[in-house]
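Me: Please take me slowly through a close look at one part of this model, starting from a single loop and then moving outward to whatever can be said about its surroundings and about the helices elsewhere in the chain. I am in my first year, so please explain each step with care.

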Amino acid sequence: MKNLILIAPPAAGKGTISSYLVENMGYQHISTGDILRNVAKEDSERGHFVSGLMKEGKFIGDDIILPLFKEELLKIKNQSFILDGFPRTIVQADYLTDLFQEIGIDDYVVIQLEIDSSLLLKRATGRRVCTSCKATYNVYFDGFKPKVENVCDQCGGDLIQREDDTEETFKNRYEVYRSETEPLIAYYEAKGKLKKVNANVTEEEILENVKRCLND
Ligand SMILES: [Zn+2]
């Protein structure tokens, strides 16, 4: 099974794809967010440093992220893995290319999820999360709406809209995504590693297409 670099705008369903591959196909999931959160828990000099930056909401630069990322990748390099949210820039992509070469990884595919921004907006702003059991719903899509407005089907808990799921936050994140990732798409296209998957279809169809790319 090929290693996977997943490039997708916010709310495009990256989380769903990652969980599916982890639970059903033995993939390891590497996200820089998780790496930083884990390091921040360490009782060490670097742990305190990273948790300090995170608490202050400061930008965490490549000088910190790249070595941590390498450490994580070395731990799981013999298994299939998904990179989520990395690389984000051409500098990081170049670093990754060199790192793959150094440790002998060539079997990977970069999948770009293509999805209409109007659909993304509904996915993002329609999302509701249960405050007790964390189940998620979407008020715009049949099959994902809660049976009773603002009440969790699973546990009866209250449903809330997270702060990150407002239209304004979504639009900002989407703009950042477009400006950051467009160069990456060209970068991996030039290497012959890029595949585009239409994500305007059902979850099952998206997963089928992703699996096809991983097996090609
Ligand atoms: Zn619940």
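Reply: Let us begin with Lys 134, which lies in the loop between E5 and E6, and keep in mind throughout that this is a predicted model. The backbone at Lys 134 deserves attention, since this residue has a positive phi of about 70° although it is not a glycine. As a general rule, most residues other than glycine have a negative phi.

The same loop also brings us to a zinc ion, whose protein donors are the SG atoms of Cys 130, Cys 133, Cys 152 and Cys 155, lying 2.3 Å from it. The angles among these four donor atoms run from 101 to 114°, and the site of the zinc ion is tetrahedral. For comparison, the ideal angle for four tetrahedral donors is 109.5 degrees. Along the sequence, the donor residues of the zinc ion follow the spacing C-x2-C-x18-C-x2-C. Within this set, the pair Cys 133 and Cys 152 links distant parts of the chain, for the two are 19 residues apart, with Cys 133 in the loop between strand E5 (127-130) and strand E6 (136-138) and Cys 152 in the loop between E6 and strand E7 (159-160).

From here we can turn to the helices, beginning with helix H6 (residues 117-125), which packs with helix H7 (residues 167-190) at an angle of about 135°, their axes being 10 Å apart. An angle of that value makes H6 oblique to H7. The crossing of H6 and H7 is right-handed. On the H6 side the contact involves Ser 117, Leu 120, Leu 121, Ala 124 and Thr 125, which meet Glu 167, Phe 170 and Tyr 174 in H7. Sorted by class, the residues of this contact of H6 with H7 are five nonpolar, two polar and one charged.

Further back along the chain, H4 and H5 pack at an angle of about 30°, with their axes 12 Å apart, and they are therefore roughly parallel to each other. H4 passes H5 in a right-handed crossing. Among the residues that meet here are Leu 66, Phe 69 and Leu 73 in H4, and Tyr 95, Leu 99 and Phe 100 in H5. The contact of H4 with H5 has eleven nonpolar, one polar and three charged residues.

H4 has a further partner, since the axes of helix H2 (residues 32-41) and helix H4 (residues 62-76) come within 10 Å and cross at roughly 95°, and H2 and H4 are therefore roughly perpendicular to each other. Thr 32, Ile 35, Leu 36 and Val 39 of H2 make this contact with Ile 65, Leu 68, Phe 69 and Glu 72 of H4.

One last backbone detail is found in the loop between strand E3 (81-84) and helix H5 (90-103), where Pro 87 has its place. The peptide bond from Phe 86 to Pro 87 is cis, with omega near -5°. In general, most peptide bonds are trans.

Terms used: Residues are numbered from 1 along each chain as its sequence is written. This is a predicted model: local features need pLDDT of at least 70, side-chain atom pairs count only at pLDDT 80 or more; totals for chains, interfaces and linings use all residues. Side-chain values use heavy atoms; hydrogens and water are left out. Axes are lines fitted to C-alpha atoms, for helices over the stretch in contact, and angles run from 0 to 180 degrees between N-to-C directions. Helices (H or I, at least four residues) and strands (E, at least two) are DSSP runs, numbered from the N terminus. Angles under 35 degrees count as roughly parallel, over 145 as roughly antiparallel, 65 to 115 as roughly perpendicular and the rest as oblique. A crossing is left-handed if the near helix is turned anticlockwise from the far one by less than a right angle, and right-handed if clockwise. Contact means heavy atoms within 4.5 Å. Ala, Val, Leu, Ile, Met, Phe, Trp, Tyr, Cys and Pro count as nonpolar, Asp, Glu, Lys and Arg as charged, and the others, Gly among them, as polar. Donors are N, O and S atoms within 2.8 Å of the metal (3.2 Å for Na, K and Ca); water is not among the atoms, so sites may look incomplete. Four donors count as tetrahedral if all angles lie between 85 and 135 degrees; four count as square planar and six as octahedral if opposite donors are over 155 degrees apart and all others between 65 and 115; anything else is irregular.
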